[in-house]
There are 2 protein chains.
Amino acid sequence: MSLAGVIVGQPGAAQRRAIAKAITLLESTRADHRTQADALLTELLPHSGRSFRLGISGVPGVGKSTFIESLGLGLIEKGHRVAVLAVDPSSSLSGGSILGDKTRMERLSVEENAYIRPSPSGGTLGGVAEKTREAMLVCEAAGYDIVIVETVGVGQSETAVAGMTDMFVLMQLPNAGDDLQAIKKGVMELADLVVINKADLDPDAATRAQAQITSALRIFTQHGRVRDWKPQVLQLSALTAKGLDSFWQAVSAYREARAASGALAERRRHQAIAWMWERIEAGLKNDFREHPAVRELLPRLAQEVDDGRLPASTAARQLLDARRN
Amino acid sequence: MSLAGVIVGQPGAAQRRAIAKAITLLESTRADHRTQADALLTELLPHSGRSFRLGISGVPGVGKSTFIESLGLGLIEKGHRVAVLAVDPSSSLSGGSILGDKTRMERLSVEENAYIRPSPSGGTLGGVAEKTREAMLVCEAAGYDIVIVETVGVGQSETAVAGMTDMFVLMQLPNAGDDLQAIKKGVMELADLVVINKADLDPDAATRAQAQITSALRIFTQHGRVRDWKPQVLQLSALTAKGLDSFWQAVSAYREARAASGALAERRRHQAIAWMWERIEAGLKNDFREHPAVRELLPRLAQEVDDGRLPASTAARQLLDARRN
């Protein structure tokens with residue numbers, strides 16, 4: 001049977017091996033592997049898309065692994081099949097992933113109905129995110145109906161994960177002092193839901209943080225997003241599993257409201273087109289940087305712009321002209 | 001004398017005509033004009049950059065014109081020369097500008113030491129912003145030491161204006177009700193200063209809005225920006241000129257703190273390089289869209305991605321390959 005056939009077939013050890021093989025194929029940088037991976041993805045695509053895609057972000061130490069493990073075990077108990085993927089931009093530097101490490105989720109990783117895959121390593125954030133996005137399609141074709149994509153709060157990885165999921169959850173810590181933990185530029189606006197984890201450690205701080213974030217969310221209302229869903233702020237304790245039920249109720253309410261309004265389908269279509277353009281632009285920029293005339297001119301012109309000797313727009317025109325000739 | 005010579009020369013009617021001629025040249029779409037404009041800009045560049053660049057944004061009706069006129073008149077009284085430019089993305093649709101209209105600032109426009117130019121029209125936001133950015137260099141070379149760039153809160157124009165100025169000011173209205181005026185995605189984070197205009201109309205609402213925005217700004221701290229400047233929220237009334245002095249004191253404090261730390265020079269260098277890449281990317285994308293093979297393939301592939309029949313990354317690769325061959 002073909003690789004695609006095994007993937008869309010029955011759950012079990014053979015399917016699990018086929019998923020791993022497929023993901024390895026699409027993570028490969030060899031040109032012939034890439035051609036095979038594209039063919040495989042096109043074959044799997046009609047079987048994908050039936051899961052709920054949940055993005056989860058938070059700084060290291062916020063408790064993402066504990067939370068995802070508790071959540072995943074509870075979902076499996078309810079009859080779901082859960083895939084956990086990761087986007088870790090630092091893996092492109094370290095060559096290895098600090099996220100999605102199987103040993104971090106010991107109980108979840110041994111479950112038959114769970115599939116955990118660490119972040120792809122190497123390449124740019126765009127490349128890492130692309131591989132995760134494609135791995136998501138493979139898991140969906142294999143019948144995983146909940147796909148969780150986790151990321152750490154560094155760089156632009158939150159934007160990438162919010163851009164590939166149906167719902168984006170931001171995890172926060174309640175702060176001991178008066179100052180609420182600073183939220184990175186642009187991230188709060190991506191959040192469909194904010195959870196304050198470890199709320200039991202300092203209930204007063206958690207309640208204060210909840211009020212502050214709720215108030216901030218009200219100001220930073222994203223116009224198009226509020227029609228059918230108003231971002232919420234919840235407290236929970238992943239360690240004691242307190243608040244997990246309320247969390248899943250909120251996720252389900254979101255999913256129902258946005259499916260009914262058509263916003264979920266619209267978001268996915270928008271994401272697919274945006275993703276296509278993101279990859280095109282990355283490819284164009286890469287080709288540009290590797291063009292011989294550009295390689296020769298760019299360092300000098302960039303330096304002149306930096307020194308204030310050449311207008312930026314003039315430099316851009318000269319470089320574009322050099323590439324065209 | 002050359003055009004550049006007149007521009008960097010003595011203030012007066014001849015200089016004013018030369019500025020207008022230079023800006024008309026750089027707004028032209030003719031290729032030979034563009035070559036002349038690039039040469040002119042390169043000649044003027046060493047004389048530019050000595051102004052303080054102030055970006056001001058707010059929704060229509062917030063009172064930008066009244067505010068800029070009062071501010072400009074006060075600055076001229078103190079011995080400054082003030083240029084007012086505009087970025088109005090809607091001018092690319094309407095073919096004419098609703099911003100920077102001379103008749104809106106009747107008293108300022110007749111001042112010898114003021115130069116008011118409406119938004120360039122036509123083209124994309126990137127194109128409109130580029131022309132304004134270049135006009136700014138011309139005004140600076142002519143000795144205008146305060147350049148105000150105004151924009152309305154539509155589209156991505158705030159990002160463009162914040163990306164070409166030393167300080168970005170967001171104007172808000174105090175709201176009558178409990179709900180604070182919603183602030184568009186990503187805009188608050190650009191603000192170095194928020195002013196609540198028309199505060200005298202409803203002092204209670206203004207004070208409430210000030211507190212709410214101050215609290216939100218504390219949460220959305222932009223990491224790199226807080227070292228030497230903490231965004232402030234001020235109340236003022238542009239109509240009665242109440243609060244204008246405090247406003248200018250805050251601007252001066254910002255300028256001093258950021259000049260001393262080197263952050264101002266760093267911001268300008270960063271803006272120039274970012275601007276070069278923005279124009280390169282726009283040019284690459286434009287060339288891509290006009291490539292014959294892409295023109296033929298793009299509609300069909302985009303439709304297949306939209307329909308969920310083709311993975312976005314596969315479509316991107318096919319289009320990039322089509323362009324390369």
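I started in the middle of a sheet: G55(A) stands opposite V149(A) in β4(A). On another strand, L85(A) also stands opposite V149(A) in β4(A).

A note on what I'm looking at: this is a predicted model, where local features need pLDDT of at least 70 and side-chain atom pairs count only at pLDDT 80 or more, while totals for chains, interfaces and linings use all residues. Residues are numbered from 1 along each chain as its sequence is written, chains are lettered from A and ligands numbered from 1 in the order written, and side-chain values use heavy atoms, without hydrogens and water.

Next I looked up the strands (DSSP runs of E, at least two residues, numbered from the N terminus). Strand β1 of chain A, residues 52–58, runs parallel to β4(A), joined by seven bridges. Strand β2 of chain A, residues 82–87, is parallel to β4(A) too, with six bridges. Strands pair if DSSP finds at least two bridges between them.

Is β4(A) mostly covered or mostly open? Mostly covered: seven of its seven residues, 146–152, are buried (under 20% relative accessible area, 1.4 Å probe, protein chains only). I checked each face: I146(A), I148(A), E150(A) and V152(A) are buried on one side, and V147(A), V149(A) and T151(A) on the other. In a regular strand, side chains alternate between the two faces of the sheet.

Then I compared the copies, superposed by least squares on C-alpha atoms of residues with pLDDT of at least 70 in both. Chain B lands on chain A after a rotation of 180° with 0.1 Å of shift along the axis, RMSD 0.1 Å. That is how a two-fold axis relates them. The same surface serves both copies, as 100% of the contact residues of chain B recur in chain A (contact: heavy atoms within 4.5 Å).

Note on methods. Buried means under 20% relative accessible area, exposed over 50%, partly exposed in between (1.4 Å probe, protein chains only). Helices (H or I, at least four residues) and strands (E, at least two) are DSSP runs, numbered from the N terminus.
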